[in-house]
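Work through the points below with the model in view. Each reply ends on the value or name asked for.

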2 protein chains.
Amino acid sequence: MSKYKGQDRFLLAIDCIVFGFDGANIKLLLVHRDIEPEKDKWSLMGGFVHADEAPDDAANRILEELTGLKSVYLEQMQTFGALNRDPVERTFSIAYYALIDIHKYEQQLSHKHHAEWFLVGDMPDLIFDHNDMVKMAKKRLQYKAALHPILFQLLPEKFTIPQLQALYEGIYQSKLDDRNFSRKLLSTGLLIKLPEKEKLSSKKGAFYYTLDQSHYMENFHSFLNFIPNPDRFFKD
Amino acid sequence: MSKYKGQDRFLLAIDCIVFGFDGANIKLLLVHRDIEPEKDKWSLMGGFVHADEAPDDAANRILEELTGLKSVYLEQMQTFGALNRDPVERTFSIAYYALIDIHKYEQQLSHKHHAEWFLVGDMPDLIFDHNDMVKMAKKRLQYKAALHPILFQLLPEKFTIPQLQALYEGIYQSKLDDRNFSRKLLSTGLLIKLPEKEKLSSKKGAFYYTLDQSHYMENFHSFLNFIPNPDRFFKD
């Protein structure tokens, strides 16, 4: 069959927003841009989709080319298409995001394109509409973390309650009440207390816990209540 | 500045998934396709993005051209780009979805393109990957309805508990326990009981309620518990 006639055709790009947790802080991975336009600025990992690629495949290729990272679970977020978002030519960009364990990918990370982790609260100004993409990705993470056990995948097999709390506080960029967090967490009945204590972070020490794997998928809804008034994060 | 060289350019389409509630059932709006390919089949409301349009504007134009519907709040869902999704030419499609009050838009709905409402549980097979788009949109609605008060916007100012329950049951395509639903709903303290009863639907009648507007935005998190084990809906 012949092609569709008289229709406009566009460049299609991918931009990857990769958050990471290093055990204490939530960070964002950026690359240093060595080509025009916007040379020498920081940017998300981006590139053009090729004719023989599905969007997910293009996202994985582009992330690997720029950072060396392989088999990261990238989830499609949204397509950005404001008329002047790219000053050179009209380009639509499909944004993808991921949240990874920084230590797990340390060996893979290539610095060929100056890939670098920045604290989410202290990152440079980004090119094009990449700041908006990051903002939307933060909201999506907050959304997901309120409904899914994704954050537990970032913790080591044994962890302390303050470690888990730091992770939630990083995602929501809010201080949570220590006593409430601990009380609600323990009331879920999903944690198994271990006899050992972690003693590096505080004098008193904090007991290690491990997740009761046999129950946590089916009972995860009880985690919903971790975040007081979750809807306040979801308003836009 | 000149254009980007040597890159592939693609057709970009929009497809609109419009769900509606008629007071008793959740329905899906479809149009009858009068052009090739896939002539005479049912389809979502779709069309190509023009060079001078942002995605949201294209979505609104296309929905209006095919159905007459104006100022519907369309939310971008995801871009579909499998290699052979359109048999004529490689086309990426940005899918949008909405949930509207069918009665409110009754006057606007044009039948020029045979736009028709179908029960979500009993709709025809759709063209291309439109069945997958509808499936994903259903999940998104379930997600949103668990965290946002969106469903209340579809109810008349005074409503009965069975009406609200029908709406939740339609979105989750599941029977909810009557007594639990009613108990949890009333325990939120967000409903004001009116002295009148609705008597058409049952012999005994059901009291009308109205929403306590002054509290429901801030207390909406208490609605989270309406849906037992909400995460079971969110697994894929």
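Q: In this predicted model, is Arg85(B) buried or exposed?
A: Three classes are used: buried is under 20% relative accessible area, exposed is over 50% and partly exposed lies in between, with a 1.4 Å probe and protein chains only. The relative accessibility of Arg85(B) is 8%. Because 8% falls in the lowest class, Arg85(B) is buried.

Q: Which pLDDT must side-chain atom pairs have to count?
A: Residues are numbered from 1 along each chain as its sequence is written, while chains are lettered from A and ligands numbered from 1 in the order in which they are written. Side-chain values use heavy atoms, without hydrogens and water; totals for chains, interfaces and linings use all residues, local features need pLDDT of at least 70, and side-chain atom pairs count only at pLDDT 80 or more.

Q: Which residue forms a salt bridge with Arg85(B)?
A: A salt bridge needs a side-chain nitrogen of Lys or Arg within 4 Å of a carboxyl oxygen of Asp or Glu. Here the closest N and O atoms of Arg85(B) and Asp15(B) are 3.8 Å apart. The two residues are 70 places apart, one in strand S1 of chain B and the other in the loop between S5 and S6 of chain B; strands (E, at least two residues) and helices (H or I, at least four) are DSSP runs numbered from the N terminus. At a relative accessible area of 5%, the partner is buried as well: Asp15(B).

Q: Which residues are linked with Arg85(A) in a network of salt bridges?
A: In chain A, Arg85(A) belongs to a network of salt bridges rather than being described as one pair. The other members of the network are Asp15(A) and Asp129(A).

Q: How many bridges join strand S1 of chain B to S6(B)?
A: Two strands pair if DSSP finds at least two bridges between them. S1 (residues 11-21) and S6(B) run parallel, with Leu12(B) opposite Phe92(B). S5 (residues 75-80) of chain B also pairs with S6(B), in the antiparallel sense over five bridges. For S1 and S6(B) the count is eleven.

Q: How many residues of strand S6 of chain B are buried?
A: S6 covers residues 91-101. Thr91(B), Ser93(B), Ala95(B), Tyr97(B), Leu99(B) and Asp101(B) point one way, while Phe92(B), Ile94(B), Tyr96(B), Ala98(B) and Ile100(B) point the other way. The two sets are buried alike, which gives eleven of eleven.

Q: Which strands stand at the edges of the sheet S8-S10-S9 in chain B?
A: This open sheet has three strands with antiparallel pairing. An edge strand here has a single partner, so one of its sides is left without a neighbour in the sheet. S10 (residues 206-211) is joined to S8(B) by two bridges, with Tyr208(B) as the bridge partner of Thr160(B). The edge strands are S8 (159-160) and S9 (191-198).

Q: How far from Glu198(A) is the nearest side chain of opposite charge?
A: Lys and Arg count as positive and Asp and Glu as negative, with His and the chain ends not counted. Glu198(A), in strand S9 (residues 191-198) of chain A, is buried and has no salt bridge. Its side chain makes a polar contact with that of Ser201(A) at 2.9 Å (N or O atoms within 3.5 Å, one able to donate a hydrogen and the other to accept it within protein, and sequence neighbours counted only if both are side-chain atoms). The nearest opposite charge is on Lys197(A), at 9.9 Å.

Q: What is the N to O distance in the salt bridge of Lys158(A) and Glu196(A)?
A: Lys158(A) is partly exposed at 36% relative accessible area, and Glu196(A) is partly exposed at 35%. Their side chains meet in a salt bridge with an N to O distance of 2.5 Å.

Q: What is the angle between the ring planes of Tyr4(A) and Phe48(B)?
A: The structure holds ten aromatic pairs over all chains, a pair being rings of Phe, Tyr or Trp (its six-membered ring) with centres within 6.5 Å; planes under 30 degrees apart are stacked, over 60 edge-to-face and the rest tilted. Tyr4(A) and Phe48(B) have ring centres 5.0 Å apart and count as edge-to-face. Tyr4(A) precedes strand S1 of chain A and Phe48(B) lies in strand S4 of chain B, so the pair joins two chains. The angle is 65 degrees.
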